[in-house]
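Here is a briefing on one structure. Please keep the sequence and the 3D view open while reading.

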Amino acid sequence: MADNTEHPVYGSTSETAPTERQMPSKVTVPSLVARKGTAKKILCLTAYDYPTARLVDEAGFDLILVGDSMANVVLGHASTLKISLDQIISATRAVKRAADRPLVVADMPFGTYHVSPADTASNALRLIREGGAQAVKLEGGEARAHLVRTLVDADIPVMGHIGLLPQSVNARGGYRVQGKTAEGARQLLNDALALEEAGVFAIVLEGVPANVAERISERLTVPTIGIGAGGGCDGQILVFHDVMGLSLGPAPKFVKRYANVAEIMRTALGELVDDMRTGDFPAEEHTYPTHEELPDDWDYGI
Ligand code: KIV
C-alpha cells in the first residue's frame, strides 16, 4: 500500500497557515510618515531571507530593509560594493514571501543609481516589480536629490540615507562618522532638507553624533531612522546579524547584541558532528519503517 503521509522536506515554511496567523494592519509609506511627531518610534531591522524576515515580522518591527549590508553579513564581502541588483531582488522576493505587516524596502546597490536618471528609474522599478519591494533606499544627499525626484515622480517611494555612507568607502577613504564639526553638521542638514524637498518619505542617518541627529530630526517633516545616531531620531535600524551575534567579527560601537546565535550554532553543529561520527544520529525515530518484513530473497538475487 502506498504511504500517502505528507512528510516535510528541508524544513517546512509554516508552523501555522497564513490565514490562522494574526494579521495586524500593514505598514504603508503614509502610515510611517504619519508617525512623525508622535511618540511611536519606527522600528526597523534588516533581513535577507524568508526565516529571518518571518521572525522580524512576528517580533513587531515596522520596516524590513533588504540592505546591501547583505554583501558583508551574508555573502562575506569586505564592503557593500559587490552586491548586484539581481542578488537584492532575489533576497527581496524571499523577504516579501515572509513579511505580512512590515513595509519592505530594498537597497539600491552600488552602481545602480550612479547612472542616468532613466537607468536609475528602471533599476528601481526592477526592485519593485520583480522583487516586490514597496520602496527603495539610496545613499547620498543633495547630489542625489534629482534622482530621488525622478523615482518619486515614477511613484516609487524613496528612503534617503546620509551620514556615514558605506557605498562611498573608496571616495571617502574609509568609514567615518559624519557631522562632527558645525560645518559638517550644516552639510548634513542641507542634505537632509534637499532629500526631503525631493520627496523622500524617510531618511536614514548613519554614523552621526546624537545631538546633530536630534537637531536634524527636529527640522524635518519626514521621519529620521537612526543607526549609530543616538536616540533622538524618529526610529532606529540595525543589521539583523549584528544584533543576533551572527556577524562573526567585532560589532560596531553602536550595536547592542541581544543574542549570541553564532555560539548557539557552534555548539549545535559540534553536537551534530559528534553524533554523525559516532552513529548516534540517525536514531530509530529519524528513520522510515517498511509496511512489511523484507523477506530474505527480497532482491530476487539481482
Ligand atoms: O544596508 C544596510 O543594512 C543599511 C542599513 C544599515 C541602514 O543601509
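The notes below cover the barrel, the ligand shell, three helix pairs and two backbone details.

This is a predicted model. Eight strands close into a barrel, and their pairing is parallel. A ligand is surrounded by residues that include Thr46, Asp107 and Val239. Helix α8 packs on the sheet.

**Barrel**

- The strand order around the barrel is β1-β2-β3-β4-β5-β6-β7-β8. From one strand to the next, the twist averages 25°.
- Strands of a sheet pair through backbone hydrogen bonds, in either a parallel or an antiparallel way.
- Strand β2 covers residues 63-66 and strand β3 covers residues 103-107. They run parallel and are joined by four bridges.
- Leu63 has Leu103 in β3 as its bridge partner.
- On the sheet, α8 touches β5 (158-163) and β6 (202-206). The direction of α8 makes about 175° with that of β5.

**Ligand shell**

- Which residues surround the ligand? They are Thr46, Leu65, Gly67, Asp68, Ser69, Asp107, Val204, Glu206, Ile227, Ile237 and Val239.
- By class, this shell holds five nonpolar, three polar and three charged residues.
- Leu65 belongs to the shell, and its number falls within the range of β2, residues 63-66. Asp107 is another shell residue, at the end of the range 103-107 of β3.
- Val204 and Glu206 are also in the shell. Their numbers fall within the range of β6, 202-206.

**Helix pairs**

- Two packed helices are described by the angle between their axes and the distance between the axes.

*α6 and α8*

- Helix α6 spans residues 145-153, and helix α8 spans residues 182-198. Their axes come within 8 Å and cross at roughly 20°. An angle under 35 degrees counts as roughly parallel, so α6 is roughly parallel to α8.
- α6 passes α8 in a right-handed crossing.
- On the α6 side, the contact involves Ala145, Val148, Arg149 and Val152. On the α8 side, they meet Ala194, Leu195, Glu197 and Ala198.
- The residues of this contact divide into six nonpolar, no polar and two charged.

*α2 and α4*

- Helix α2 takes in residues 50-59, and helix α4 takes in residues 85-98. The axes come within 8 Å and cross at roughly 40°. α2 and α4 are therefore oblique to each other.
- The crossing of α2 and α4 is right-handed.
- Tyr50, Ala53, Arg54 and Asp57 of α2 make the contact with Ala94, Val95, Arg97 and Ala98 of α4.
- Five residues of the contact between α2 and α4 are nonpolar, none is polar and three are charged.

*α4 and α5*

- Helix α5 runs over residues 117-129. The axes of α4 and α5 come within 9 Å and cross at roughly 25°. α4 and α5 are therefore roughly parallel to each other.
- The crossing of α4 and α5 is right-handed.
- Leu85, Ile88, Ile89 and Thr92 in α4 meet Asn123, Arg126 and Leu127 in α5.
- By class, the contact of α4 with α5 has four nonpolar, two polar and one charged residue.

**Backbone details**

- Most residues other than glycine have a negative phi, and most peptide bonds are trans.
- Asp155 is not a glycine, yet its phi is positive, at about 65°. Where does Asp155 sit? Its place is in the loop between α6 and β5.
- The peptide bond from Phe281 to Pro282 is cis, with omega near 0°. Pro282 lies in the segment after α11 (261-278).

Note on methods:
Residues numbered from 1 in each chain as written. Predicted model: local features only at pLDDT ≥ 70, side-chain atom pairs only at ≥ 80, totals over all residues. Near = placed C-beta within 6 Å. Nonpolar A, V, L, I, M, F, W, Y, C, P; charged D, E, K, R; others polar. Axes fitted to C-alpha atoms, helices over the stretch in contact; angles between N-to-C directions. Parallel < 35°, antiparallel > 145°, perpendicular 65-115°, else oblique. Left-handed = near helix turned anticlockwise from the far one by under 90°. Contact = placed C-beta atoms within 7 Å. Pairing = 2+ DSSP bridges.
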